[in-house]
Amino acid sequence: EGELMRMGEARRAIGWWLVGTARAMLTLARQHALDRVQFGKPVASFQAIRHKLSETLVAIEGAEATLSLPGDESPDLNAMLAKAAAGKAALTAAKHCQQVLAGIGFTDEHDLHIHVKRALVLDGLLGSSRELTRKAGAGLRARGSAPRLAHL
């Protein structure tokens, strides 16, 4: 049981790191959108850019909320879902922020590539977001019921 607890704690720690790198990517993309001028106005004023940035923020905030759950009843399940949410948020941030940054985001001159690489590596550690979601789903299906994860 102690090993499962350590695994859960490690997944939560990686989850927080994923959220941190996702926030860093969002900060870079947001600043670029404010600074970059196209057609006489900042690209941050374009609806498509705003949607990408807001979807990224929602994913990050959701992952933070999941990581903050106490997980008293099902600590291993909570840790798996929290890391999965954080991995998904980081991958969403990588995709959307790359699109906001456009060509400059692909270069080594810009710091985005550091965070994208970090997100890809961290998502794969101790189970990727896709693997953990499938594993949690299979466990819940076999159990036949879902525990209460948060008391609202």
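**Exercise 1.** In which loop is the place of Phe 39? Work out its backbone angle and its exposure too.

*Solution.* Keep in mind that this is a predicted model. Start with the location: Phe 39 sits in the loop between strand S1 (37-38) and strand S2 (41-42). Next, look at the backbone: phi of Phe 39 is near 55°, a positive value in a residue other than glycine. Last, check the cover. Exposed means over 50% relative accessible area, and Phe 39 has 73%, so Phe 39 is exposed.

**Exercise 2.** Do the same for Ala 102, going from its place to its exposure.

*Solution.* First, the place: Ala 102 is in the loop between H3 and H4. Then the angle: Ala 102 isn't a glycine, yet its phi is positive, about 55°. Now the exposure. Partly exposed covers values between 20% and 50%. Ala 102 comes in at 41% relative accessibility, so it counts as partly exposed.

**Exercise 3.** Describe helix H4 by its span, its buried residues and what follows it.

*Solution.* Begin with the span. H4 runs over residues 112-124, which is 13 residues. From its first C-alpha to its last it reaches 19 Å, close to the 18 Å expected at 1.5 Å a residue. Now pick out the buried residues: Leu 112, His 113, His 115, Ala 119, Leu 122 and Asp 123. A handy rule for reading such a list is that an α-helix has 3.6 residues a turn, so residues three or four places apart point the same way. Finally, step past the end: H4 is followed by Leu 126, whose phi is positive, near 55°.

**Exercise 4.** Find the residues that gather in a patch of positive charge on the surface, and say which helices supply them.

*Solution.* The residues are Lys 88, Lys 95, Arg 130 and Arg 134. Two elements give two or more residues to this patch: helix H3 (75-101) and helix H5 (129-143). Take Arg 134 as a sample: it lies in helix H5. Its relative accessible area is 60%, so Arg 134 is exposed.

**Exercise 5.** Is Leu 53 buried or exposed, and how far is its C-alpha from that of Arg 30?

*Solution.* Leu 53 belongs to helix H2 (residues 47-68). Buried means under 20% relative accessible area. At 14%, Leu 53 therefore counts as buried. As for Arg 30, it's 23 residues away along the chain, and the two C-alpha atoms are separated by 7.1 Å.

**Exercise 6.** Sum up the protein chain as a whole.

*Solution.* Count the elements: five helices and two strands. Read them in order and you get α-β-β-α-α-α-α. Then add the cover: buried residues make up 38% of the 152 residues.

Conventions. Residues are numbered from 1 along each chain as its sequence is written. This is a predicted model: local features need pLDDT of at least 70, side-chain atom pairs count only at pLDDT 80 or more; totals for chains, interfaces and linings use all residues. Side-chain values use heavy atoms; hydrogens and water are left out. Patches are made of residues with over 30% relative accessible area and no salt bridge: like charges are joined within 9 Å, nonpolar side chains (Val, Leu, Ile, Met, Phe, Trp, Tyr) within 5 Å. Accessible areas come from the Shrake-Rupley method with a 1.4 Å probe; for residues, only the protein chains shown count as cover. A salt bridge is a side-chain nitrogen of Lys or Arg within 4 Å of a carboxyl oxygen of Asp or Glu. Lys and Arg count as positive and Asp and Glu as negative; His and the chain ends are not counted. The place of a charge is taken as NZ of Lys, CZ of Arg, CG of Asp or CD of Glu. Helices (H or I, at least four residues) and strands (E, at least two) are DSSP runs, numbered from the N terminus. Buried means under 20% relative accessible area, exposed over 50%, partly exposed in between (1.4 Å probe, protein chains only). The expected span of a helix is 1.5 Å times one less than its number of residues.
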